[in-house]
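Student: Could you take me through one part of this model up close? I'd like the cysteines first, and then whatever helix packing you can describe.

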Amino acid sequence: EQSRLWGFDIATANQAQGELYPHNWNLMVRWSRATSNLMRDWLLLQFRRGLASDDQGTLFAAMQRQRASGGLRVGQVPTPFAAAFYSPKQGSFFPRITRPLTARAVVLYVGSGNGPASEQWCRAFNTDAGTRRQLWIASKGAALAALRGARECKEALQESKCPFAGVRSIGAARPEESVFQPPLRDPQKLAIGWAGTVPRGVRVCEPGRLACLWAPSSLS
């Protein structure tokens with residue numbers, strides 16, 4: 001089942017709290033006609049947008065187009081293999097928090113070439129392996145700390161709801177290490193504003209035109 005990617009064509013890390021928005025540091029692809037079409041579409045959209053521009057928006061658009069036209073199946077990489085920090089407060093980089101995990105973190109998103117930090121993060125992430133937890137960083141220079149449960153999380157972040165703690169929509173009974181089905185945007189509602197031309201989240205074309213692009217307003 002793992003070699004078939006649990007039935008999905010592509011799985012990515014997710015940097016949004018709701019519907020999946022790809023985080024391109026972590027991609028898994030099962031080669032097929034659908035993913036071949038996806039990669040070609042992604043490349044052409046990137047040429048159109050600019051090679052140095054954000055490639056996550058173009059992948060997002062290509063995924064929706066292929067979901068609508070070719071039946072592309074999109075999954076989410078499980079947290080133990082996509083352990084990364086995200087910014088829950090719009091307009092502020094800190095605090096930073098991860099998605100929940102219980103198993104050991106196997107793949108972490110750490111700056112390249114930062115060996116000592118990688119070792120430190122591995123220890124911090126896995127000290128409480130076997131306990132459901134979210135890691136967080138309160139401010140720049142602060143140490144990583146574990147939040148065990150919704151109450152600790154809400155108190156630490158002073159929020160009424162713990163961010164990035166949503167449950168799986170489908171496949172919740174699968175092992176934590178398996179790719180799963182996240183909430184996905186309706187492909188017919190896709191519209192992405194080109195960066196630098198309009199404010200993020202503003203539509204620049206009619207809904208349903210899959211050649212247009214859309215970007216969530218609060219991403220890390």
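Tutor: Sure. There is one disulfide in this predicted structure. The partners are C153 and C162, with 2.0 Å between their sulfur atoms. Look along the S-S bond and you get 85°, a right-handed link between C153 and C162. Both ends are tucked away: C153 is buried and C162 is buried too. C122 is another matter, since its relative accessibility is 35%, so it counts as partly exposed.

Now for the helices. Two packed helices are described by the angle between their axes and by how far apart those axes are. Here the pair is α1, covering residues 33–49, and α2, covering residues 55–70. Their axes come within 8 Å and cross at roughly 135°. That falls short of the over 145 needed for roughly antiparallel, so α1 and α2 count as oblique to each other. As for handedness, α1 passes α2 in a right-handed crossing.

Who does the touching? On the α1 side, the contact is made by A34, N37, L38, D41, W42, L45, Q46 and R49. From α2 come D55, G57, T58, L59, A61, A62, M63, R65 and Q66. Sort the contact of α1 with α2 by class and you find eight nonpolar residues, along with five polar and four charged ones. If you want to pull up a few on screen, W42 and L45 of α1 are among the nonpolar ones, while D55 and R65 of α2 are among the charged ones.

Notes:
Residues numbered from 1 in each chain as written. Predicted model: local features only at pLDDT ≥ 70, side-chain atom pairs only at ≥ 80, totals over all residues. Heavy atoms only, no water. Axes fitted to C-alpha atoms, helices over the stretch in contact; angles between N-to-C directions. Helix = DSSP H or I, 4+ residues; strand = E, 2+ residues; numbered from the N terminus. Parallel < 35°, antiparallel > 145°, perpendicular 65-115°, else oblique. Left-handed = near helix turned anticlockwise from the far one by under 90°. Contact = heavy atoms within 4.5 Å. Disulfide = S-S within 2.5 Å. Buried < 20%, exposed > 50% of the residue type's maximum accessible area, 1.4 Å probe, protein only.
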